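Reader: I have a chain on my screen and would like to talk through a few of its helices. Could you walk me through them?

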Amino acid sequence: MNTSSLPYNSQATFTPPSALDLIHIQKALVLAPHPDDETIGCGGLLALLAEQGTPAHIILVSDGSGAGALSEGSDIRRQQEFAQALSVLGPTITWECWQLPDGALFQANDLQQRLNTAIKDYQPSVLLAPWLQDMHPDHAIVGHTAQQAHLQQNLPQGVLFYEVWSPLPANLILDISPVWQKKQAALQLHVTALEHCDYPRATEALAAYRSLLLTTLEQDGQYAEAYYGLDWKTQSATTETISIRYATKRDAHSLTQLFCDVFKHQVPDVWWHTKYAGQMIAGTVAVDDKQQVIAYDGALVRSGTWQ
């Protein structure tokens with residue numbers, strides 16, 4: 001495939017995910033299609049909520065029987081493992097199980113009604129669910145049901161979608177480094193699931209990769225969870241938006257000035273234009289709300305990084 005012929009938009013922009021500040025969550029209702037989804041997708045968030053004393057209630061939607069792929073009695077064992085994992089993430093976390101058939105949640109005609117009733121009873125400020133475009137059909141239908149519930153009931157802080165089998169377009173990022181050991185320990189308790197897949201390895205890889213979105217730029221030992229916030233609301237002041245786009249010739253003066261500010265070394269105004277502007281893709285710039293260039297070549301920290 002000749003990639004040189006692929007089109008690209010030099011004005012394309014990317015807004016980095018904002019930090020997810022859990023202090024604003026009053027009460028969380030979490031949907032887990034299967035035992036282990038809660039730990040893989042949002043175990044760090046649950047542990048952090050428990051540490052700050054925020055109530056969280058988990059609904060295990062399916063019976064966890066494995067849709068016939070697991071041995072008899074696996075549903076009971078997995079529910080026990082689920083309870084043990086939650087006790088590690090936070091002893092104050094409560095839960096219930098709807099016992100719907102694993103692998104066939106799309107056939108549960110009362111799923112929407114069940115969730116709407118649960119929201120009215122529990123009165124959460126925010127709902128958490130798997131990404132509604134997750135490749136697992138059980139995850140997708142639960143995510144879609146969560147979206148519909150919010151559209152019908154207008155949750156105060158909307159829906160936070162988490163990722164399990166499929167990456168989501170993250171607009172929120174949560175640093176879970178302080179509770180990473182808890183998340184690991186909780187996942188190890190899902191013994192039945194771990195007999196079939198190496199979830200610890202995959203989960204660590206995903207959390208390490210997502211740490212690249214933290215403003216500290218992948219420091220050693222950092223882990224993160226990514227979320228898509230649908231109508232996510234906080235009481236904090238509006239934060240500055242940083243956008244990423246390809247650099248163009250009109251950025252030459254700003255980039256030259258940025259270079260001088262970072263390296264304390266004066267260069268001619270034509271320096272950047274002469275050195276980089278003739279390249280097919282002349283790097284990327286980060287710009288603030290006022291369209292001021294604050295970083296070059298993908299760096300997202302205000303001090304500026306030159307690569």
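**A walk through some helices**

Author: Happy to! In helix α4, the buried residues (under 20% relative accessible area, with a 1.4 Å probe and protein chains only) are D138, H139, A140, V142, G143, T145, A146, A149 and H150. This is a predicted model, where local features need pLDDT of at least 70, side-chain atom pairs count only at pLDDT 80 or more, and totals for chains, interfaces and linings use all residues. Residues are numbered from 1 along each chain as its sequence is written, and side-chain values use heavy atoms, leaving out hydrogens and water.

Reader: Is N116 buried or exposed?

Author: N116 lies in helix α3, residues 111–122. Its relative accessibility is 13%, so N116 counts as buried.

Reader: Which residues is N116 in contact with, leaving aside its neighbours within four places in sequence?

Author: Contact here means heavy atoms within 4.5 Å. With those sequence neighbours set aside, the partners of N116 are A149, Q152 and Q153.

Reader: Which residue follows α4, with a positive phi?

Author: Helix α4 covers residues 137–153. After α4 comes a residue with phi near 55°, and that is N154.

Reader: How do α5 and α7 pack, roughly parallel or roughly antiparallel?

Author: Helix α5 (residues 180–188) and helix α7 (residues 199–210) pack at about 155°, with axes 10 Å apart. Angles under 35 degrees count as roughly parallel, over 145 as roughly antiparallel, 65 to 115 as roughly perpendicular and the rest as oblique. Therefore α5 is, relative to α7, roughly antiparallel.

Notes
Axes are lines fitted to C-alpha atoms, for helices over the stretch in contact, and angles run from 0 to 180 degrees between N-to-C directions. Helices (H or I, at least four residues) and strands (E, at least two) are DSSP runs, numbered from the N terminus. Buried means under 20% relative accessible area, exposed over 50%, partly exposed in between (1.4 Å probe, protein chains only). The expected span of a helix is 1.5 Å times one less than its number of residues.
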